[in-house]
Amino acid sequence: MNILSKAGGVLFRTFLWVYFLISLYPLTYLLFFSLKNNDEIFYTNPLGFPLHLRIENYVQAITKHDIALYFKNSLIVSIVSILFVLALSLMFSYAAARLEWRLKGATYAYVLLGLFIPTQVILIPLAVLMRDVGIANSYSALIVPYVAFNLSFSSLIFYGFFRTIPLEIEESAYMDGASIYRIFLRIMLPLVKPAVATVTIFAFLSVWNEFPLALILITDNAHKTLPIGLLSFSGQFSTEWGPMGAAMVISSIPMILLYLVMGDQVEKALTVGSAVKG
Amino acid sequence: MRNFKHNPTATSLFVLPAILTFSAVVTYPLISTLLKSFYEWDGITEGTFIGFDNFTRLFRDDLFYTSLRNGIIFAVILTVFQLGLGTIMALTIINSKTFGRNALRRAYFIPVVLSVTVVCQLWLSMYNPGYGLFNKLFEFAGLSYRQDWLSSMGVTSIIAVTMVASWQSMGYQMALIYAGAKSIPEHFYEAAKIDGATTLQTHMKITIPLLAETYKICLIFCINAGLNAFAHMQIMTKGGPGTSTYSLTYMMTRSAFRLDEYGYGCAIAVTLVLQCLFVTLLINRFIARERLTY
Amino acid sequence: MKTQLSHKLILLRGNQNMSKNARKSIYAILSVMLVILLAACGSNNNASSPSASSDAPPASSASVEPSESASPDAEPVTYTLQIHYSTNDEKGPADWAIAEMKKLYPNVTFEVTPQLNDNGESLKARIATGDLPDFFNLSPQHFDSAIQTGSILDLTSVWEQSDAKSRMSQNAIDTQLKYTDGKIWAIPGAGAGIDPLYYNKKVFADNGVKVPTNYPEFLEAVKTFNSKGIVTIPIFAKEAWPIGAFFDMFAMRAHPKGMLALSNGEIKASDPAMADAIHKMAEIIKAGVFQKGATSTDYDTARAMFHQGKAAMLVNGEWDIGEMVKSFGDDIGNIDFMDVYPTTDPGKEDLNKDYRPGAAEMGGIAVSAKAKNPEFAKQVAIALAEKLAQGNFVKVGRIDSTFSVDGLTSEIEMPEMTKKLLANKPSYKVEGTVEHSLPNKKFATGFGELLQKLVAGESAEDFIKEVDKLQAETR
């Protein structure tokens with residue numbers, strides 16, 4: 001290797017690690033400002049280490065702003081939504097990818113429409129619908145829309161994965177006498193595990209931090225989720241950013257944990273998958 | 001084989017739950033929105049039917065064209081930044097010779113996981129003309145160039161906002177590309193190595209073309225996210241200064257919630273959906289048309 | 001072929017057996033967690049106070065005639081209350097008011113939820129779906145929709161019979177109570193408040209700058225401050241209203257109603273007096289009166305600059321005085337507000353000098369049509385509005401209460417500024433209103449955006465042209 005490409009290599013590696021620091025910085029920024037007060041955050045010391053460690057921000061967030069309740073609500077809504085999303089979209093994508101039926105292509109395209117419909121577009125009609133059906137202000141009011149909106153993305157991912165699995169596997173299983181249900185449950189599902197991990201992470205992301213629907217569809221305090229809970233730190237004019245930061249740190253933890261745990265899953269399963277395919 | 005693939009019971013069982021949920025939540029309100037776009041409606045009381053008037057008014061509205069322009073800028077920057085950087089990062093991480101790649105992979109994804117509020121707050125601090133990071137860097141380097149990042153009336157503001165979004169979700173695209181690249185079988189790479197190709201050549205000629213399906217998905221995401229952009233401009237600039245960082249979605253919420261012109265807002269929504277639909281169909285048609293099997 | 005495939009399958013399955021078991025256990029654990037959580041939440045829901053309004057049978061129409069139980073005061077009742085309840089200076093007055101209410105109505109319990117700072121979006125949605133808190137803050141922008149959908153109760157007759165009526169200031173009764181239809185739908189707590197131009201005497205003295213009394217002196221001050229790297233006025237121009245207040249400081253010299261006159265079509269931006277005011281504003285903005293990046297600066301950031309003693313002046317409402325006392329402590333004597341806004345040519349300082357930017361806004365505590373015991377609820381609402389207004393005085397030293405505060409003492413030591421305000425109030429005339437309350441909503445929204453453009457450096461001529469156009473379009 002000549003000197004130029006060596007230098008290029010070093011430059012590139014430096015870039016990688018600088019970007020690494022840049023990517024991690026917001027987390028530290030968040031941690032810092034959860035320990036500061038308004039003045040420090042905005043004026044005296046926005047980007048640096050906190051001058052005093054104001055743990056009371058955390059205490060205030062939990063005791064005075066119902067953060068524990070919102071956390072629990074977010075957790076319930078997210079977990080249930082994801083379970084349903086996985087179940088429904090796995091079944092749907094398998095049918096779309098493997099079975100033959102009329103309108104297959106059209107239906108698949110129909111579901112994909114959900115990918116680019118911003119939630120604001122259907123907000124008020126949806127709210128009225130939820131009220132008319134009688135599930136307003138309950139967990140279902142959020143779970144059902146979240147499931148529906150995430151179906152598009154999950155189906156897309158699963159569909160792609162299903163299509164890359166060789167047909168022979170199903171064919172030989174069929175010839176061995178398995179029913180379609182067995183094939184689905186015992187063969188196909190295990191094969192798309194990496195996709196399941198990916199979809200879980202992305203779906204969790206979209207549900208956990210979701211804001212517009214949660215704002216409009218849930219009005220009673222007992223069912224509010226974290227993003228709306230965070231709003232309660234904003235007063236008519238000013239905002240208590242320190243405690244809000246504390247709440248945000250608390251709210252980021254599950255996401256980060258999930259990624260750290262599931263991210264490994266993805267890595268492991270993928271290695272197995274590609275070795276076999278050759 | 002025919003019996004296996006044609007199984008109406010199984011098909012219904014598998015397909016109906018998803019379709020019913022989806023239709024109830026998405027299609028029904030969407031149709032409601034579509035219908036209301038032909039009305040003059042304040043969102044609460046009965047509206048009056050006015051045919052296509054909302055639409056003709058929309059196409060004459062300067063704000064519509066500003067929003068459209070902003071949406072396109074947003075979409076283009078997102079695509080270029082995220083697909084470009086995403087590919088580079090993903091492929092670097094896949095390379096087992098890269099030092100510390102697990103740490104790198106996890107770190108690059110962290111911004112995606114954070115809430116939009118935090119990221120926007122951070123960037124607001126960095127963009128601050130007085131003590132923000134960027135202008136301080138210029139100061140450090142002895143340059144007298146300063147930029148009022150978020151307060152210019154031209155396209156600088158929207159570009160500044162877009163960079164925040166690009167930076168934040170880059171990890172998302174990177175993960176998708178990584179997953180796609182990981183499922184390319186090893187033997188392709190082995191063959192290339194035997195033929196004496198360098199890493200760069202391998203990637204250019206093999207990996208990237210084989211990622212076409214993944215890129216299609218990523219492209220659809222980036223463009224739709226760009227056209228639909230809302231949260232970042234709402235938090236950082238509230239569409240300002242003036243109206244220079246408006247997006248179509250923001251314009252829609254403004255009509256619906258601030259001006260009580262819900263019918264007009266619905267018309268904007270319909271235009272937005274059609275736009276995204278059109279673009280997605282285009283992408284679908286021209287990229288990765290053959291099914292990839294290996 | 002077949003055996004190869006089966007082998008592959010076995011390999012696949014074999015390798016994945018362990019992870020499959022792991023996955024199974026994860027799902028099992030998750031399901032158990034789920035069940036436990038749901039059980040816990042179920043019991044929580046029953047334990048926490050049941051919301052009265054969602055269970056109550058809906059009132060048949062907006063104007064409910066009493067046919068309720070004979071003595072509603074006796075049975076315990078819980079009402080949901082949505083008010084500003086997020087920051088400490090909001091919770092203090094609210095908690096005080098609720099405690100006072102307990103003395104008056106021992107059987108009433110309030111379940112407080114913080115009002116969300118979301119530009120009224122969620123409230124609008126709640127009006128549309130008919131699911132409102134029993135008592136809540138109704139803002140001017142929502143009056144029409146709330147009335148038309150029959151979601152709130154008419155408070156007129158209960159008010160006329162109450163004794164709280166005698167304790168409300170005449171000005172408030174005349175301008176803030178009755179809506180355009182002649183009825184009372186909400187009880188206002190905050191009366192006519194002005195937006196003073198605060199200034200820090202020490203910052204002026206330290207930099208050798210004369211406190212301006214007219215426009216040329218103001219311009220001079222700005223230039224001097226800039227040369228010393230001090231921000232003259234940190235403004236949170238991300239929101240339109242502070243710019244509106246600044247605008248009115250200039251515009252009210254041309255017409256007593258300022259922006260309101262533009263909104264009503266009583267004056268045009270291109271009329272000479274108004275155009276002159278606009279030119280002055282544009283000039284001083286270009287000279288750098290505001291900080292850089294003003295249009296993306298929010299309330300807390302801008303205010304912090306002044307409260308830290310780093311900026312010379314501040315445009316804000318009266319409510320900030322309490323916070324200033326806390327920030328400046330003993331140095332509060334350095335802070336004062338301008339007797340006269342320095343926005344005229346020399347010699348013309350007295351022109352319309354008593355007209356101040358600010359507002360006497362409509363809106364206040366309203367009662368949902370679905371509240372239990374409607375007639376009783378109306379009485380409670382009136383008492384509550386009074387207590388909340390008084391709480392603001394007691395806890396944070398606000399002096400703009402619509403209700404009298406005789407006999408109450410404030411916990412905030414009244415700074416000189418407040419005494420001056422109290423003394424001068426009778427002579428102040430507030431005929432305009434704040435930007436977001438301009439009755440012509442279409443004009444207000446567009447005008448707010450134009451104001452931001454002005455702050456971002458637009459020329460006066462362009463601004464005038466655009467305002468004229470907007471005015472014509474939204475008449």
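1. A good place to start is strand S5 (residues 197–200) of chain C, which is covered on both faces. Leu197(C) and Tyr199(C) lie on one side of the strand, Tyr198(C) and Asn200(C) lie on the other, and all four are buried. That split fits a general pattern: in a regular strand the side chains alternate between the two faces of the sheet. Please keep in mind while reading that this is a predicted model.

2. Now to the partners of S5(C). On one side, S5(C) pairs with strand S6 (residues 313–315) of chain C in the antiparallel sense, over three bridges. Strand S7 (residues 335–337) of chain C also pairs with S5(C), again antiparallel and over three bridges. As a reminder, strands of a sheet pair through backbone hydrogen bonds, either parallel or antiparallel. If you would like to check the register by eye, Tyr198(C) is a handy residue: it stands opposite Leu314(C) in S6(C), and its bridge partner in S7(C) is Phe337(C). For the next residue along, look at Tyr199(C), which stands opposite Asp336(C) in S7(C).

3. Put together, these strands form an open sheet of three strands in chain C, with the order S6-S5-S7 and antiparallel pairing. Which strands are at the edges? They are S6 and S7 of chain C, each of which pairs on one side only. From one strand to the next, the twist averages 25 degrees.

4. Two asparagines of chain C deserve a look at their backbone angles. In general, most residues other than glycine have a negative phi, and most peptide bonds are trans. Asn352(C) has a positive phi, near 55 degrees, and is found in the loop between S7 and strand S8 (358–359) of chain C. Asn373(C) also has a positive phi, of about 45 degrees, although it is not a glycine. Its place is the loop between strand S9 (364–367) and helix H15 (374–396) of chain C.

5. Are these two asparagines buried or exposed? Asn352(C) has 19 other C-beta atoms within 10 Å, so it counts as partly exposed. Asn373(C) has 20 C-beta neighbours inside 10 Å and therefore counts as buried. The cut-off matters here, because a residue is called buried if 20 or more other C-beta atoms lie within 10 Å of its own.

6. The domain assignment of chain C gives domain 1 (77–185 + 361–414) and domain 2 (193–359 + 430–473). Taken over C-alpha atoms, the centres of these two domains are separated by 30 Å. How many residues are in contact between them? Nine residues of domain 1 of chain C meet nine residues of domain 2 of chain C. On the domain 1 side of this contact, three residues are nonpolar, one is polar and five are charged.

7. The largest nonpolar core has 294 residues. Those with the most contacts inside this core are Leu217(A), Ile235(C), Ala381(C) and Leu384(C). Helix H4 (residues 67–98) of chain A gives the most to the core, with 17 residues. Domain 1 and domain 2 of chain C each supply at least three residues to this core. For a local view, try Ile235(C): leaving aside neighbours within four places in sequence, it is in contact with Pro242(C), Ile243(C), Phe246(C), Phe290(C), Ala294(C), Ala302(C) and Val315(C).

8. Turning to chain B, its secondary structure comes to 14 helices and two strands. Its C-alpha atoms fill a box of roughly 75 × 70 × 30 Å along the principal axes. Of the 294 residues of chain B, 50% count as buried. Among contacts in chain B between residues at least 6 apart in sequence, 71% join residues at least 24 apart.

9. Chain B touches chain A through 62 of its own residues, which are in contact with 63 residues of chain A. Helix H2 (residues 8–36) of chain B makes up the largest share of the chain B side, with 16 residues. By class, that side has 37 nonpolar, 19 polar and six charged residues.

10. Finally, chain B also meets chain C, in a contact that takes 23 residues from chain B and 24 residues from chain C. The side of chain B that touches chain C has nine nonpolar, nine polar and five charged residues.

Definitions and conventions. Residues are numbered from 1 along each chain as its sequence is written. Chains are lettered from A and ligands numbered from 1 in the order in which they are written. This is a predicted model: local features need pLDDT of at least 70, side-chain atom pairs count only at pLDDT 80 or more; totals for chains, interfaces and linings use all residues. Two residues are in contact if their C-beta atoms, placed from the backbone, lie within 7 Å. Ala, Val, Leu, Ile, Met, Phe, Trp, Tyr, Cys and Pro count as nonpolar, Asp, Glu, Lys and Arg as charged, and the others, Gly among them, as polar. A residue is buried if 20 or more other C-beta atoms lie within 10 Å of its own, exposed if 12 or fewer, and partly exposed in between; C-beta atoms are placed from the backbone. A nonpolar core is a set of buried Ala, Val, Leu, Ile, Met, Phe, Trp, Tyr and Cys residues joined through C-beta atoms within 7 Å. Domain bounds come from an automatic or database domain assignment. Two strands pair if DSSP finds at least two bridges between them. Axes are lines fitted to C-alpha atoms, for helices over the stretch in contact, and angles run from 0 to 180 degrees between N-to-C directions.
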